[in-house]
Amino acid sequence: MSQAAKVLQLFKTLHRTRQQVFKNDTRALKAARRKINEEFKNNKSETSPKKIEELIKIGSDVELVLRTCVIQGIHTDHDTLKLVPRKDLLLDNMPFCDAPTQKP
């Protein structure tokens, strides 16, 4: 895959992730859109293949962090925040054990 195709694919992926992560939050959606577009526009004239690969890696890491670590919060009262985790963030954890086993 050419570098131009990788860059375009990353751009689209970041915007899709933005739409999933910040769903129903117009302020966050607009801010994320502005930031993504600004970063791509600032690096539009980059010609060094090494630097482009580095930027693609950074963008991929950002997408991974957004997808796996960001949880939406909604203000319900002036001092209360309701967390709205996405289904892909809810992972099975180790079962809780009331009586931990003793190490020999």
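## A walk around the helices and the hairpin

Start on α2: the face turned away from its buried side carries Thr26, Arg27, Lys30, Arg34, Lys41 and Asn42, which are exposed (over 50% relative accessible area; buried is under 20%, partly exposed in between, with a 1.4 Å probe and protein chains only). Helices here are DSSP runs of H or I with at least four residues, strands are runs of E with at least two, and both are numbered from the N terminus. Before you click on, note that this is a predicted model, where local features need pLDDT of at least 70, side-chain atom pairs count only at pLDDT 80 or more, and totals for chains, interfaces and linings use all residues. Residues are numbered from 1 along each chain as its sequence is written, and side-chain values use heavy atoms, with hydrogens and water left out.

Now flip α2 over and select Ala28, Leu29, Ala32 and Ile36, which are buried. They cover an arc of only 100° around the axis, so they sit on the same side of α2; the arc is that of the directions from the helix axis to the C-beta atoms. What do the buried residues of α2 pack against? They pack against α1, with contact meaning heavy atoms within 4.5 Å.

Stay between those two helices and show the rings of Phe11 and Phe40. Their centres are 5.0 Å apart and their planes at 80°, so the pair is edge-to-face (centres of Phe, Tyr or six-membered Trp rings within 6.5 Å; planes under 30 degrees apart are stacked, over 60 edge-to-face, the rest tilted). A search of the whole structure finds one aromatic pair. Because Phe11 lies in α1 (residues 3-21) and Phe40 in α2 (residues 26-42), the pair ties together parts 29 residues apart in sequence. Phe11 is partly exposed at 26% relative accessible area, and Phe40 is partly exposed at 23%.

Next, select residues 49-69, which are helix α3. Its buried residues are Ile52, Ile56, Gly59, Glu63 and Leu66. These cover an arc of only 85° around the axis, which puts them on the same side of α3. In general, an α-helix has 3.6 residues a turn, so residues three or four places apart point the same way. The buried residues of α3 pack against α1, while Lys50 and Cys69 are exposed on the other side of α3.

Finish at the strands. β1 (residues 72-77) and β2 (residues 80-84) run antiparallel, joined by five bridges (two strands pair if DSSP finds at least two). Click Gln72 and look across to Val84, its bridge partner in β2. Two residues lie between β1 and β2 in this hairpin.

Terms used:
Expected span 1.5 Å × (residues − 1).
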